[in-house]
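Reader: I'd like to learn how to read a structure like this one. Could you take me through it feature by feature?

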Amino acid sequence: MAFWGDYHTHTVYSHGKGSIEDSVLKAAKLGLRELAITEHGFNHLCYNLRRGELAKMREQAEMLAEKYPQVKLYIGVEANILSPNGKIDVREADKPKLDLTVCGYHKLVRAFPASLQYFLPNNIGLSGAKTIARNTAAYLSALEKNEIDILSHPGNSCKCDVREVARACKYFGTYFELNGKRIALSDEELAAAAEEGCEFIASSDAHSPRRIADFAVPLQRIERVGIPLSRLANYERLPLFRSGKCKDTKEGENVTGEEF
Ligand SMILES: [Zn+2]
Ligand SMILES: [Zn+2]
């Protein structure tokens, strides 16, 4: 397969169907070299991964690494942005247990009372310009304060200045995700992100093994906007993640997030 990895997928540990092994098996059948299981972050009120489950996931991952050596497996999380000052729901103690941090905005997360607006879709509650400014600042702070490898579905339920967010992704070395379920951005916004020079990554955001490596939505959109396939970090190559935990190729910069 032309895509070498899928770095945003879910299993029964949060909001998905199927076990980690079901997902690895599917990835192996497709010929993927790498797969990341990135369950919904700990503060999500409906689909959260429980911190206690991480150890079990890692045990399974070790077993699967022996059984399917052809697929490099990452155990990660899809963290939630919790506040305008860039707080996310990955604590310092979680970091050694995670190979990869995907992060995005989701509604219905435990972020109140300090950040009530982060419990609700960010497209409501304030005037358009104020909402966009607030959300853009939240994205930028999250990228600055946390070692986020992939920014998931930018702009989804969280209107922002896409050009600014893409510029920050480039600056901090975070991949700007093109999500396999839905891309909330207009063609103009995607073109603006591309102009800023950020690197894109296509993710399936699969919630069942059969959808792993389904990149139809990103492929259709980049073709329409005129973004070349070479801009996708997982197309005929392997990404170099900012955290660098699973690679010897890049040292992490050890940017730490605010404790909470
Ligand atoms: Zn998500
Ligand atoms: Zn997801």
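Author: Let's begin with a helix length check. The expected span of a helix is 1.5 Å times one less than its number of residues. Helix α3 (residues 128-145) has 18 residues and should span 26 Å, which agrees with the 26 Å between its end C-alpha atoms. Keep in mind that this is a predicted model, where local features need pLDDT of at least 70, side-chain atom pairs count only at pLDDT 80 or more, and totals for chains, interfaces and linings use all residues. Residues are numbered from 1 along each chain as its sequence is written, chains are lettered from A and ligands numbered from 1 in the order in which they are written, and side-chain values use heavy atoms, with hydrogens and water left out.

Reader: Which residues of α3 are buried, and what do they pack against?

Author: Buried means under 20% relative accessible area, exposed over 50%, and partly exposed in between (1.4 Å probe, protein chains only). An α-helix has 3.6 residues a turn, so residues three or four places apart point the same way. In α3 the buried ones include Thr131, Arg134, Asn135, Ala138, Tyr139 and Ala142. The buried residues of α3 pack against β5 (150-151) and α4.

Reader: How many helices and strands does the protein have?

Author: Helices (H or I, at least four residues) and strands (E, at least two) are DSSP runs, numbered from the N terminus. Here you get six helices and seven strands, in the order β-α-β-α-β-β-α-β-α-β-α-β-α from the N terminus on. Of the 260 residues, 54% count as buried.

Reader: Which residues touch the most other members of the largest nonpolar core?

Author: In soluble globular proteins, nonpolar side chains tend to be buried together. A nonpolar core is a set of buried Ala, Val, Leu, Ile, Met, Phe, Trp, Tyr and Cys residues joined through side-chain atoms within 4.5 Å. The largest one here has 62 residues, and Ile20, Phe176 and Phe200 touch the most other members. Helix α4 (residues 162-172) gives the most to this core, with five residues. Apart from it lies another core, of ten residues, among them Tyr74 and Phe241.

Reader: What is isoleucine 20 in contact with?

Author: Contact means heavy atoms within 4.5 Å. Leaving aside neighbours within four places in sequence, isoleucine 20 has contacts including Tyr13, Ile37, Met57, Leu64 and Ile75.

Reader: Now the metals. Which residues coordinate the zinc ion (ligand 2)?

Author: Donors are N, O and S atoms within 2.8 Å of the metal (3.2 Å for Na, K and Ca); water is not among the atoms, so sites may look incomplete. For the zinc ion (ligand 2), the donors are His8 (NE2), His10 (NE2), Glu78 (OE) and Asp205 (OD), at 2.1 to 2.2 Å. In sequence they are spaced H-x1-H-x67-E-x126-D. Histidine 10 lies in the loop between β1 (5-9) and α1 (20-30) and aspartate 205 in the loop between β7 (200-203) and α6 (216-225), so the pair ties together parts 195 residues apart in sequence. Histidine 10 is buried at 1% relative accessible area, and aspartate 205 is buried at 5%.

Reader: And which are the protein donors of the zinc ion (ligand 1)?

Author: Those are Glu78 (OE), His106 (NE2) and His153 (NE2), lying 2.1 to 2.2 Å from the zinc ion (ligand 1). Glutamate 78 coordinates both zinc ions, which are 3.5 Å apart. Histidine 106 counts as buried at 11% relative accessibility, as does histidine 153 at 8%.
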